[in-house]
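Thanks for making the time. I will put the structure up now and then walk through it.

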Amino acid sequence: MTPPAAGWGWGGGYYDRYLTLCPNAVTVGVAYDCQKVTRAASGPLDVGLDAFVTELEWYHR
């Protein structure tokens, strides 16, 4: 996870493709705080999260 809610994943774009069909969807990720990183690779087709929550904190755009 990358604050502020940039995203995560190794899923081959399944959710990114699906979420483009749901423009009003609110996306929230769940992770452990130890999984948080300062930077992560993302591509032009990646859909960011609106927020994510850990056991310690809530991050949002």
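Let me begin with one residue: is D16 buried or exposed? Keep in mind that we are looking at a predicted model. D16 has a relative accessible area of 17%, and buried means under 20%, so D16 counts as buried. Its place is in helix α1. What does D16 touch, if we do not count residues up to four places away in sequence? The answer is L45, D46 and V47. D16 and L45 are 29 residues apart along the chain, yet 7.0 Å separates their C-alpha atoms.

Now the overall layout. The chain has one helix and three strands, and along the sequence they follow the pattern α-β-β-β. Of its 61 residues, 25% count as buried. The chain exposes about 4,900 Å², and 60% of that is supplied by carbon and sulfur atoms. As for contacts, take those between residues at least 6 apart in sequence: 55% of them join residues at least 24 apart.

Next, the sheet. In general, the strands of a sheet pair through backbone hydrogen bonds, either parallel or antiparallel. Here three strands form an open sheet in the order β1-β2-β3, with mixed pairing. β1 and β3 stand at the edges with a single partner strand each, so each of them has one side without a neighbour in the sheet. On average, and with direction ignored, neighbouring strands of this sheet are turned by 15 degrees against each other. Which way do β2 and β3 pair? They run in the antiparallel sense, over three bridges. Within that part of the sheet, A51 stands opposite H60 in β3.

Two threonines sit in loops, and I will take them in turn. T27 is in the loop between α1, residues 14-19, and β1, residues 28-30. Its relative accessibility is 11%, so T27 counts as buried. A polar atom of the T27 side chain lies 3.5 Å from the backbone oxygen of G48. Not counting residues up to four places away in sequence, T27 touches L19, G48, L49, D50 and A51. G48 therefore appears on both counts, and A51 is the residue we just met opposite H60.

The other is T54, in the loop between β2, residues 51-53, and β3, residues 58-60. T54 is buried as well, with a relative accessible area of 10%. Which side chain makes a polar contact with the side chain of T54? It is that of D33, at 3.3 Å. Leaving aside neighbours within four places in sequence, T54 is in contact with A31, Y32, D33 and Y59.

Y59 brings me to the aromatic rings. How many aromatic pairs are there? The count comes to two. One is Y14 with Y15, which is edge-to-face, at 5.1 Å centre to centre and 80 degrees between the planes. Y15 in that pair counts as exposed, at 61% relative accessibility. The other pair is F52 with Y59, which is stacked: the centres are 4.7 Å apart and the planes are at 25 degrees. Both F52 and Y59 are buried.

To close, a short recap. D16 in the helix is buried and touches L45, D46 and V47. The three strands form an open sheet, and the two loop threonines, T27 and T54, are buried. That is what I had; I am happy to go back to any part of it.

Note on methods: Residues are numbered from 1 along each chain as its sequence is written. This is a predicted model: local features need pLDDT of at least 70, side-chain atom pairs count only at pLDDT 80 or more; totals for chains, interfaces and linings use all residues. Side-chain values use heavy atoms; hydrogens and water are left out. Helices (H or I, at least four residues) and strands (E, at least two) are DSSP runs, numbered from the N terminus. Buried means under 20% relative accessible area, exposed over 50%, partly exposed in between (1.4 Å probe, protein chains only). A polar contact is a pair of N or O atoms within 3.5 Å; within protein, one must be able to donate a hydrogen and the other to accept it, and residues adjacent in sequence count only if both atoms are side-chain atoms. Contact means heavy atoms within 4.5 Å. Rings of Phe, Tyr and Trp (its six-membered ring) pair if their centres lie within 6.5 Å; planes under 30 degrees apart count as stacked, over 60 as edge-to-face and the rest as tilted. Accessible areas come from the Shrake-Rupley method with a 1.4 Å probe; for residues, only the protein chains shown count as cover. Two strands pair if DSSP finds at least two bridges between them. Axes are lines fitted to C-alpha atoms, for helices over the stretch in contact, and angles run from 0 to 180 degrees between N-to-C directions.
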